[in-house]
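Biologist: I'd like a close look at one residue and then at one strand from the same model. Could you walk me through both in plain terms?

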Amino acid sequence: MKITGYKRENNTFGIRNHLLVIPASVCASETAVKIANLVPGAVAIPHQHGCCQVGVDYRQTVRTLTGFGCNPNVGAVLIVGLGCEGINSKDMAEDIARTGKRVEYIIIQENNGTLGTISKGAEILSSMSAELSAQQKVEFDISEIILGLECGGSDPTSGIASNPAIGKASDMLVAAGGSSILSETTEVIGAEHLLVNRFDTEEKKKKFLRMVSDVEKRAIAMGEDLRGTQPTPGNIQGGLTTIEEKSLGCMHKAGTMYNFEDALEYAQMVPKDKKGLYFMDTPGEDIDSITGMVAGGAQIVVFTTGRGTPTGCPIAPVIKITGNTNTYNKMKDNIDINAGKIITDGATLDDIGREIFDKIIEVSNGKLTKAEVLGHKEFGIYRIGYTF
């Protein structure tokens, strides 16, 4: 099945052609935003990290920012650094430039402060924008698509209708040669004994179970109980009473037809030469989880929500699906697909799975999601904080 998008020098394909401004640290974030605001179509990803981080947290921040720059939906990148932060802008630029796209960096301390950097950055972005505007779409196979699977603001209809429906769509994509990512490690607790059987080697099984165990250990190390955050207060108000109920609904997003190829660390790239279904170790926070999958190469995300959420992403379209018809009727500005028809109108999982798959094709070919129309560009990097 063919769709159209933008071919990159490293033989990946984007379904959007974003001009991305990456601040190397929180200290450069405001300047990066001001630069992006001066050039139509440019987008910045301000964040709170990049300085005074060590170990796994530092490496994860670098991996996430670099992954966003490498994502095929990005056509060119400008990195803005302060000059004294922990993350080296030049090194990050060189890593992203290996994709073959144009990448430049500027340093605030070397460009006469904020105003000088804004002026220089706008000049660079204007040149990049002109180049991107001349790029033509090409036809490519749907097997090049990597799909992120997310759920948030869940209620019982998520596990009953919308999550199994996107599982159907995920199965269809993998059958066509593409890749899908199941995320949210906290939301497989209580269902890990079922999912672990879908890894084909003992090594992969141990890696997956270690990820789940580490989440539980981190909570214990802080003297906390995960049940204080999972299910969330909103989940409980919606009707989910235990973390096991939430997890048994969440796992349906992975479909039923395929085993996992591997378990990936947060923001780890999906291997281009080994497509299929993957698990990624992300948190339950929707924005941080989406960020990890997109940094891992996902060009598009499907997101189920029983109670409703407007969340989007700076560089990847997010298709919003609800299994609750009441939520769909209340939030039509935000929700793209009503999977609640399975409950209220007699639609089948196959029917809605096909509708979601068709929407993936439509959005991949350029149709804007409702989150894109409304300008939702939420971005957050997960902090590990403690390892064992």
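Leaving aside its neighbours within four places in sequence, which residues is Gln-299 in contact with?

Modeller: Keep in mind that this is a predicted model, where local features need pLDDT of at least 70 and side-chain atom pairs count only at pLDDT 80 or more, while totals for chains, interfaces and linings use all residues. Numbering starts from 1 along each chain as its sequence is written, and side-chain values use heavy atoms, with hydrogens and water left out.

With those neighbours set aside, Gln-299 is in contact (heavy atoms within 4.5 Å) with Phe-13, Ile-15, Asn-71, Pro-72, Asn-73, Glu-144, Ile-145, Ile-146, Ala-316 and Pro-317. Gln-299 sits in the loop between helix 10 (286-295) and strand 12 (300-304); helices are DSSP runs of H or I with at least four residues, strands E runs of at least two. Its relative accessibility is 1%, so Gln-299 counts as buried (under 20% relative accessible area, 1.4 Å probe, protein chains only). Two of the residues on that contact list turn up again: the Gln-299 side chain reaches the backbone oxygen of Glu-144 at 3.0 Å and the backbone nitrogen of Ile-146 at 2.6 Å.

Now the strand. In strand 5 (residues 74-81), 8 of the 8 residues are buried, so the rest of the structure largely encloses it. On one hand, strand 5 pairs (at least two DSSP bridges) with strand 3 (residues 18-23) in the parallel sense, over 6 bridges, and Val-21 has Leu-78 as its bridge partner there. On the other, 6 bridges link strand 5 to strand 6 (residues 102-107), again running parallel, with Ile-79 opposite Tyr-105 of strand 6.

Key. Buried < 20%, exposed > 50% of the residue type's maximum accessible area, 1.4 Å probe, protein only. Polar contact = N/O pair within 3.5 Å; in protein donor to acceptor, adjacent residues only side chain to side chain.
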